[in-house]
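User: Please take a close look at one part of this model, the helix crossings, and set it in its surroundings. Short sentences will do.

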Amino acid sequence: MKAHVLEGYRALDLTDDKGCLCGRLLGDLGVDVIKVEPPWGDPGRKLGPFYQDHPHPEESLHWFAYNANKRGITLNLSTADGRALFRRLVETADFVIESFRPGHMSEIGLGYDVLSEINPGIILTSITGFGQTGPWREFKPADITLWALSSYMYVTGDEDRPPVWLGYPQSYLHAGLEAAAGTLTALHHRQLTGEGQWVDVSVQQALALISLQNQQYWDLAGFSPRRAGRSQQRKGVRWTLQRQIWHCRDGFVAFILFSGHLGAQGNAALTKWMAAEGLAPGFMQQIDWRTFDPQSDDISEEQYLEMMDALDRFFRNHTKAELYEQAVKNRIILYPCSDMGDIRHDPQLAARGFWHTLEHAQLGGAITYPGPPAIFSEAGCGLRMRAPLLGEHNQEVFAGELGLPREQIMAYREAGVV
Amino acid sequence: MPALGDIKIADFTWVVSGPLCTRYLADFGAQVVHVETSRHIDPARTIPPYKDNQPGINRGGYFHNWNCNKLGITLNLGHPKGVEVARRLISWADVVAENFSPGVMDRLGIGYEAIRKFKPDVIMLSLSSKGAAGPYSDLPAVGMHLAALSGFVHIAGWPDRDPVLPFGAYTDSIAGRFGAIALLAAIDYRHRTGQGQYIDLSQYEAAIQFLVPPLLDFEVNQRVLGRSGNRLSFAAPHGAFRCRGEDRWCAIAVSSDAEWEALCDVMGRPAWTKEDRFGSLWGRKAHEEELERRIEAWTVNMDAEEVMRVLQEAGVPAAVVATAEGLHSDPQLQSRQHYRKLEHGEIGLSTYDSMGSSLSKSPAELHKAAHMLGEDNYEVYTQLLGMPDDEFVSLLEEGVFD
């Protein structure tokens with residue numbers, strides 16, 4: 001088996017349910033990630049959905065999802081002994097990742113200054129709603145409120161209803177990507193200079209980056225875009241609404257009537273298919289799709305709308321799978337609006353060997369997980385182990401690596417340290 | 001030296017995901033040469049908004065924010081000598097990044113296997129929509145198609161309505177950052193082993209990493225995540241509430257009893273809040289529609305900023321639903337210097353986003369506005385690649401730099 005890309009490095013992951021993606025990604029790349037939980041368990045263990053809908057701290061699917069590829073130990077950092085053990089682990093680590101509120105690490109004597117004294121190469125990565133500095137650093141973050149501030153909500157949703165978020169918490173996942181990228185950037189700096197540093201990640205800024213297209217409307221054109229449902233507002237010289245989401249027989253598909261080179265082949269094939277079912281207006285069959293431009297005088301506004309109606313009727317006659325299959329065959333630039341089941345059964349993902357099954361012996365079975373985000377030709381990247389049970393690797397780490405005698409570990413256990 | 005000051009990148013990417021990926025590395029000091037051609041203009045140059053609503057290939061905002069800090073050249077890869085020059089650029093670089101349709105780089109003679117012959121330790125990233133290989137790889141896509149394919153469209157919007165479209169190129173942002181992470185990992189691998197490699201990154205597979213819990217929910221519980229507007233199973237109230245003014249909203253999220261009590265205090269504890277049915281999360285979920293109506297009756301007469309202020313003071317997560325205009329006056333973003341101004345030859349000063357992480361010793365820096373088409377040709381060809389002036393002129397005349 002090939003070595004993993006970042007094999008040989010170690011991360012101590014103190015994050016709660018919000019910061020867990022960063023450690024998971026480092027784990028995928030081969031870093032030895034040790035999740036450090038309080039003895040009563042990480043709050044992420046209480047998050048649903050649960051295995052067979054059975055709420056239990058060892059059966060959270062959210063926990064499984066973002067804590068795979070990590071070993072797990074328990075350590076009570078509010079005790080002096082717990083902090084002393086943590087400091088010993090810092091000597092062996094390359095990265096510490098945390099998502100406490102700003103200032104918490106310093107308050108418990110584990111701020112960057114302390115950690116870098118123990119290990120000058122240590123890279124501390126902190127993930128918070130608003131960052132470690134600034135007037136709002138103490139504000140309470142929540143997924144939907146962070147999306148609200150990013151302006152992303154203002155442009156998402158139906159005009160006659162409140163702005164909407166993306167339907168499932170994702171803000172801390174964007175921050176997790178920023179955190180992983182920042183951590184590895186700091187690693188390269190360390191390769192060049194030998195020194196570690198502090199990486200301060202703000203979820204708010206991570207989301208501002210997701211909305212970067214939006215801020216520019218105001219900056220360049222003095223305009224704040226509004227939400228437009230299944231269409232997208234576009235401005236050439238004048239604003240137009242372009243329909244992008246369409247009904248089909250068993251759900252929805254995404255399709256834009258592209259002009260020029262991109263749409264030429266597929267639009268012609270789609271028109272032919274529509275014509276075969278008697279649904280292509282005569283003028284549509286006459287269009288030269290290689291030169292078609294919906295903004296020009298080639299086509300009247302009435303004809304354009306008639307064509308949109310024809311497309312709508314046609315798509316409703318077919319399923320997502322039928323439309324996607326023909327799209328792939330004939331280069332029609334159309335995609336299904338997949339649900340979780342469609343993704344699980346997507347032939348492309350199956351052909352690429354994307355899915356990966358991990359044993360969960362304590363559940364008496366195995367679970368198939370989505371695979372890695374990238375394929376490296378010379379090194380491994382992907383799932384190696386399921387998320388840890390609470391304190392599963394205490395013995396391995398405290399006895400095996402720190403060399404604590406058995407009686408000492410027992411004493412720590414009784415004192416609530418581990 | 002900046003964190004990535006020793007890294008050189010030959011950037012053959014265009015549109016969104018690739019340029020976003022290489023911009024991350026450029027912000028931390030990598031020297032990125034972005035290759036374009038005037039024969040086939042990067043669509044990002046012709047997507048509005050344009051500066052002052054005047055279209056022009058150097059005026060499109062998206063291109064700017066995705067391509068600052070890079071050197072920009074034009075190179076005609078349809079010309080045999082163009083491919084020869086591309087090989088020289090690749091020999092100069094440590095990293096090659098591209099996001100053409102699968103197979104294009106191979107057909108040009110600068111695919112991974114061909115490059116490896118003259119540059120054995122090259123790191124090459126192909127950032128495609130659905131992977132470099134596979135039965136569905138060849139169908140082109142833009143951002144919204146992949147947001148649909150990856151499941152994000154299906155779950156966004158109201159349960160009684162059609163799904164809504166996530167704004168912009170949502171999955172490109174995810175894949176672009178995954179691309180930077182993958183490159184940084186490969187760069188470190190080469191630093192330790194001397195070995196380069198090829199990275200096949202599918203935007204679709206990268207985006208799915210954000211939906212692992214609902215995918216596992218389908219896998220083990222056969223549950224298909226649907227649309228729920230702004231609601232979340234373990235919080236109530238959880239949504240955007242109308243405030244004073246036109247289309248002004250404040251988002252509020254209450255996920256603990258302590259936050260609920262604090263919210264009741266701020267609202268002045270009206271009688272309805274004392275009813276048993278609102279006293280527990282379970283009860284609030286069961287009567288969520290009425291709960292939302294009652295809360296909106298309180299917010300609707302206040303400014304969104306005021307609702308945010310009083311709730312945050314009480315420890316309740318709340319935030320205005322900002323507009324594009326509002327982003328520019330956000331005091332926290334200002335304090336963090338998230339937005340920076342750079343001077344561009346044609347459109348003057350404009351606003352660029354910086355990165356989501358602040359590094360204490362080697363921070364990201366914004367130093368160069370996005371390039372005008374072919375802006376850095378002379379510098380790159382003659383200085384970086386050491387091309388003699390007479391060769392530069394003759395290749396220019398032959399259309400190699402179109």
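Analyst:
**Helix crossings in chains B and A**

Start with chain B. Helix H1 (residues 17-27) and helix H8 (residues 170-193) of chain B have axes that come within 8 Å and cross at roughly 45°. H1(B) is therefore oblique to H8(B). The crossing of the two is right-handed. This is a predicted model.

Now the residues. H1(B) contributes B:Ser17, B:Leu20, B:Cys21, B:Tyr24 and B:Leu25. Across from them, H8(B) offers B:Asp172, B:Ser173, B:Ala175, B:Gly176, B:Arg177, B:Gly179, B:Ala180 and B:Leu183. Sorted by class, this contact of H1(B) with H8(B) holds seven nonpolar, four polar and two charged residues.

H8(B) also has a part in the chain interface. There, 126 residues of chain B are in contact with 129 residues of chain A. H8(B) supplies 13 residues to the side of chain B that touches chain A, the largest share. By class, that side of chain B has 70 nonpolar, 37 polar and 19 charged residues.

Chain A next, with its own crossing. Helix H1 (residues 20-28) of chain A meets H7(A), their axes coming within 7 Å and crossing at roughly 50°. That angle makes H1(A) oblique to H7(A). Here too the handedness can be stated: H1(A) and H7(A) cross in a right-handed sense. From H1(A), the contact takes A:Leu21, A:Cys22, A:Leu25 and A:Leu26. From H7(A), it takes A:Leu173, A:Gly176, A:Ala179, A:Ala180 and A:Thr183. Seven of the residues in the contact of H1(A) with H7(A) are nonpolar, two are polar and none is charged.

H7(A) deserves a check of its own. This helix covers residues 171-193 of chain A. Its 23 residues, at 1.5 Å a residue, should span 33 Å. The C-alpha atoms at its ends are 33 Å apart, so expectation and model agree. How enclosed is H7(A) by the rest of the structure? Largely, because 20 of its 23 residues are buried. After H7(A) comes A:Gly194, with a positive phi near 85°.

For the wider setting, take chain A as a whole. It has 17 helices and 14 strands. Its C-alpha atoms fill a box of roughly 85 × 50 × 40 Å along the principal axes. Of its 418 residues, 53% are buried. Among contacts in chain A with a separation of 6 or more, 67% join residues 24 or more positions apart.

One loop residue of chain A rounds off the picture. A:Leu279 sits in the loop between helix H10 (260-276) and helix H11 (282-286) of chain A. It has 18 C-beta neighbours inside 10 Å, so it counts as partly exposed; a buried residue would need 20 or more. Leaving aside residues up to four places away in sequence, A:Leu279 touches A:Met274, A:Ala310, A:Arg313 and A:Phe314. A:Met307 is 28 residues from A:Leu279 along the chain, and their C-alpha atoms are separated by 9.6 Å.

Notes
Residues numbered from 1 in each chain as written. Chains lettered and ligands numbered in written order. Predicted model: local features only at pLDDT ≥ 70, side-chain atom pairs only at ≥ 80, totals over all residues. Helix = DSSP H or I, 4+ residues; strand = E, 2+ residues; numbered from the N terminus. Buried ≥ 20, exposed ≤ 12 C-beta atoms within 10 Å, placed from the backbone. Contact = placed C-beta atoms within 7 Å. Axes fitted to C-alpha atoms, helices over the stretch in contact; angles between N-to-C directions. Parallel < 35°, antiparallel > 145°, perpendicular 65-115°, else oblique. Left-handed = near helix turned anticlockwise from the far one by under 90°. Nonpolar A, V, L, I, M, F, W, Y, C, P; charged D, E, K, R; others polar. Expected span 1.5 Å × (residues − 1).
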